[in-house]
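Biologist: Before I accept any label on this model, I want to hear the rule behind it. Please set each value against its cut-off.

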Amino acid sequence: MSTVVITGAQWGDEGKGKMVDILTEDADYIVRYQGGHNAGHTVVIGDSKFILHLIPSGILRPGKKCVIGNGVVIDPQALLAEIDGLLEKGIEVRGNLLISGRAHIIMPYHRAIEKESEKQKGSLKIGTTGRGIGPTYADKVARVGIRVADILDKEVFRDKLKTNIQEMNYFLERLYGAKGFILEDIYDEYTGYAERLRDFITDTAVLLNRALREGKNILFEGAQGTHLDVDHGTYPYVTSSNATSGGACTGTGVGPTKIDKVVGVVKAYTTRVGSGPFPTELNDAIGEFLRDKGREYGATTGRPRRCGWFDAVATRYAADVNGFTGMIITKMDVLDELNEIKICTGYRYQGKLYTEMPSQLNVLEECEPVYETMKGWQASTAGLSNYEAMPVNAKKYIERMQELVGVDVDIISTGFRRDETIILKKIF
Ligand code: GDP
Ligand code: IMO
Ligand code: MG
């Protein structure tokens, strides 16, 4: 038995999908523990490209059991569309996908409230994916949320919906001057979804703990990244769940004593989608180069990603709060052509040097990154699967990342395909 948590070490889009697909080979269960269809995890297999939003990336390997845990928020319409899309491509979903009855449901009013609230914030908007994630988690924490199991029981569902719609319509109509929702419309739509999803729903905490007792390997697939975590990220410019490794326990019902490894996925540079502080952001030709070469456009919303240098301060913080036992470095090939590469080793704010991430947003926003400069390798690492073949300066860059973050590198990714991967240490 072995359990591994994969989490994003930065602001998401580190390449978690590709790595989860690779590690799935040795896993029996692949489990999403937080977030929703705000995630976009890309997996390329041969000539086919898949973007998974809600379903674990493990679904692409035949026979693997994929679980959507209680910590996830589910938009049933989006989930059914994703299931249909996979079926069309010949991927077997039925029997392989299991959904927690305790996961919360995204309702149409959550999306509407989010849209109005973002509009109201103007320039201070979070720049969300517009999927209704925040308002759904807000209802969960306010103890008025509707769970997957609730929509299976028509009476329970109608009662909860009635109370919620009253309140939501009050906000939508009176506060925002927007259109409210009609109970019967949502009731009919969602009871229809419930029937299609019924067979997938089970007690996934019981299922996973039984699997552990049977000696199965479990891979937890984090969504978003550490600095988008609602507790540890650049609050309020974060998502509304615990993307960090602790979320793997609370979001699935597997206890902390059962977790063997926590592996952080780290992009060789940094990207961020949406608003919020990003100390090493490059609004220049190098930033554009990274966006073009790295194809840094959102897998969910298509928005151009903000790009910048690798931030060792932010990543060391990620190593601490997640308890990384290892790191996976992705997209090394994107840096191939650069003649010099910078690494942020500290921040300067009002003349003072910070070597840890400040918790006050206004301080972080005004921090100037302190860089050390390394020589580029100006040779191709694209597609390499053998560490010895890496250019000397690329090895030096990896070693420096390792030293500054204080965590060993297990895997290096040199392209988006499965075989474009250097395995230094087996994770399972
Ligand atoms: P995720 O959200 O963490 O799963 O990452 P995304 O799928 O949103 O974004 C990562 C992008 O980088 C995807 O388009 C991947 O196909 C691609 N990718 C992953 N690893 C590598 C790599 O090592 N090199 C290159 N060039 N692309 C990669
Ligand atoms: P993956 O799993 C990158 C960002 C949004 C926004 C903030 C809040 O593909 O790495 P939300 O809709 O969650 O309330 O938006 O979080 N965001 C992501 N950025 N990758 C993601 O997922 C993200 N999921 C949410 O852009 O800034
Ligand atoms: Mg993504």
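Modeller: A polar contact is a pair of N or O atoms within 3.5 Å; within protein, one must be able to donate a hydrogen and the other to accept it, and residues adjacent in sequence count only if both atoms are side-chain atoms. A backbone N or O atom of Gly-40 lies 2.9 Å from an oxygen atom of ligand 2, so that pair meets the rule of within 3.5 Å. The model is predicted: local features need pLDDT of at least 70, side-chain atom pairs count only at pLDDT 80 or more, and totals for chains, interfaces and linings use all residues. Residues are numbered from 1 along each chain as its sequence is written, chains are lettered from A and ligands numbered from 1 in the order in which they are written, and side-chain values use heavy atoms, with hydrogens and water left out.

Biologist: Which side chains make polar contacts with an oxygen atom of ligand 2?

Modeller: Asn-38 has a side-chain N or O atom 2.8 Å from a ligand 2 oxygen, and for His-41 a polar side-chain atom is 2.7 Å from an oxygen of ligand 2. Of the 550 Å² of accessible area that ligand 2 has on its own, the protein covers 97%. Those areas come from the Shrake-Rupley method with a 1.4 Å probe; for residues, only the protein chains shown count as cover.

Biologist: What makes a residue part of the group that surrounds ligand 2?

Modeller: One of its heavy atoms must lie within 4 Å of the ligand. There are 20 such residues, and the closest are Lys-16, His-41, Thr-129, Gln-224 and Thr-239. By class they are 7 nonpolar, 10 polar and 3 charged. Nonpolar here means Ala, Val, Leu, Ile, Met, Phe, Trp, Tyr, Cys and Pro, charged means Asp, Glu, Lys and Arg, and the others, Gly among them, are polar. Domain 1 (3-94 + 203-423) and domain 2 (104-199) each give at least three residues to this shell; the bounds come from an automatic or database domain assignment.

Biologist: What surrounds ligand 1?

Modeller: Its shell has 18 residues, with Lys-16, Gly-17, Thr-42, Asp-333 and Ser-413 the closest. They divide into 3 nonpolar, 8 polar and 7 charged. Among the polar contacts, a side-chain N or O atom of Thr-42 is 2.6 Å from an oxygen of ligand 1, a side-chain N or O atom of Asp-333 is 2.7 Å from a nitrogen of ligand 1, and a polar backbone atom of Gly-415 is 3.0 Å from an oxygen of ligand 1. Ligand 1 exposes 590 Å² when taken alone, and the protein buries 92% of that.

Biologist: Which element gives the most to the shell around ligand 1?

Modeller: Helix 1 does, with 3 residues. Helix 1 (16-24) and strand 3 (41-45) each supply at least two. Helices (H or I, at least four residues) and strands (E, at least two) are DSSP runs, numbered from the N terminus.

Biologist: Why is helix 1 called mostly covered?

Modeller: Buried means under 20% relative accessible area, exposed over 50%, and partly exposed in between (1.4 Å probe, protein chains only). In helix 1, 9 of its 9 residues are buried, including Lys-16, Met-19 and Leu-23.

Biologist: What makes Asp-13 and Gly-40 donors of the magnesium ion?

Modeller: Donors are N, O and S atoms within 2.8 Å of the metal (3.2 Å for Na, K and Ca); water is not among the atoms, so sites may look incomplete. Asp-13 (OD) and Gly-40 (O) lie 2.1 to 2.2 Å from the magnesium ion, ligand 3. Asp-13 is in the loop between strand 1 (2-8) and helix 1, and Gly-40 in the loop between strand 2 (29-32) and strand 3, so the pair ties together parts that are 27 residues apart in sequence.

Biologist: Why is Asp-13 called partly exposed, and why is Gly-40 called buried?

Modeller: Asp-13 has 22% relative accessibility, so it falls between the two cut-offs. Gly-40 has 12%, so it is under the 20% limit.

Biologist: How do you know that Gln-350 is exposed?

Modeller: Its relative accessible area is 69%, so it passes the limit of over 50%. Gln-350 has a positive phi of about 45° although it is not a glycine, and it sits in the loop between strand 16 (340-349) and strand 17 (352-354).
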